[in-house]
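The following exercises concern the secondary structure elements of a predicted model. Each task is followed by a worked solution.

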Amino acid sequence: MTLALEMEALRGAAGLQRRDHVKLLLVRGPDAFAVLDHASTAALFVREGQMWHTLFLRDDASIFADVYICGSVEGYFVFAEGPTEDELVKYLEMVRDTYVSGAAMTIDRLSLTHELWGVDGPYAWEVVATLVGPLVLGMPYLTMLDREPYRCFRSGKTGEFGYDMLVPKESVESMRARLADIGAPLDLREVSLAALDQCSLENWHFCIRTLPKAAGAPALTPLELQLQSRIVYDRTFVGAEALRARRAAGPRVRATCITSNVEIVRGQTILLDGQTVGEVLFAAFSIVRNEWVGIGLIAKSVAHPHVTFTVESGGAAISIKSRTPPLINNRSLHVDPHRHTYRTRGADTFPPIVLP
């Protein structure tokens, strides 16, 4: 399937994906909360059935993992993007040994027993409610619904309705058969990680795969990446001291949304009035917007929206513009599960999906 068809599903219907890129742990025991609270950059306010979106940092305050933590009667589900499963387990063991010495904690690797599947899109709720049950329609964002054999988490990083389903391995085949029946009239399509990442970029959701991996690349922290909403500074967590020091010194650059009609690529120098003011951190072609969308690391003094910069490519100066994200008027903002359906969507009127 082409990326264009996958984007069509994610922006107009529903897309299904096996989340192999998400590492799954269940952290249990009397001290599980204390360990996770010291790993998390934000204070964990999670009751049973509630999720929290947070970060795990390295000692230098660079981002180790993009994390959801969910409370349950069994313990705490940890869904992390970035590290491998072994790296994630070692990280939590390091936090336990450093901050909660002697803690009673058990880490279960859910990949041995379960798979995580996700459904995203403006009509994802119609798919998941048919599969799991009508209570899905009333799920607030960042909550969990436990309905055998599924644990359904409402989350998502596409800007559209999003649900993750933790499924026992022995139930995956029957789930897929049911989804084939449920999804056929809803045009449910399997989508790739590249399609999900493109949605994240268009909606300005943080994606850890946009960070540079090359040796010697600058360590970017939540300060530069505009992720301070996930930080509580007067707490003790891995990387807190380094982050506070960098905050006191003031960040030099800020992640800024940029667009261009011409291809832009990672590492290009960004200029303003002939002076170097930053570089392109990441960029990809947006099929929905029919232009290039990217992240520029731009000097804080000029990292404002609606500024025209240039980048050099092949000896020519290419014009780029800084923008205020999101760049998509998500259909999910206008679809009401209690009033709309995919079948009758042709009779509904929605505003244009592309924001000017």
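**Exercise 1: Strand pairing**

Determine how strand β17 is paired with β12 and with β16, and in which sense.

Solution. Begin with β12 (residues 253-260), which pairs with β17 (residues 316-323) in the antiparallel sense over three bridges. Within this pairing, C257 has R323 of β17 as its bridge partner. Next, consider β16 (residues 308-313): six bridges join this strand to β17, and the two run antiparallel. Here S313 stands opposite A316 of β17. Finally, inspect the hairpin of β16 and β17: two residues lie between the strands, and G314 takes a positive phi near 60 degrees.

**Exercise 2: Helix crossing**

Classify the relative orientation of helices α2 and α3, and identify the residues in contact.

Solution. The axes of α2 (residues 32-39) and α3 (residues 85-99) come within 9 Å and cross at roughly 100 degrees. Angles of 65 to 115 degrees count as roughly perpendicular, and α2 and α3 are therefore roughly perpendicular to each other. On the α2 side, the contact is made by V35, L36, H38 and A39; on the α3 side, by Y91, L92, V95, R96 and Y99. By class, the residues of this contact comprise seven nonpolar, one polar and one charged.

**Exercise 3: Burial of a helix**

Establish how many residues of helix α4 are buried and which elements they pack against.

Solution. Of the nine residues of α4 (residues 124-132), eight are buried; among them are W125, E126 and L131. The buried residues pack against strands β7, β8, β9 and β10 and against helix α5. After α4 comes G133, with a positive phi near 140 degrees.

Conventions
Residues numbered from 1 in each chain as written. Predicted model: local features only at pLDDT ≥ 70, side-chain atom pairs only at ≥ 80, totals over all residues. Heavy atoms only, no water. Buried < 20%, exposed > 50% of the residue type's maximum accessible area, 1.4 Å probe, protein only. Helix = DSSP H or I, 4+ residues; strand = E, 2+ residues; numbered from the N terminus. Contact = heavy atoms within 4.5 Å. Pairing = 2+ DSSP bridges. Axes fitted to C-alpha atoms, helices over the stretch in contact; angles between N-to-C directions. Parallel < 35°, antiparallel > 145°, perpendicular 65-115°, else oblique. Nonpolar A, V, L, I, M, F, W, Y, C, P; charged D, E, K, R; others polar.
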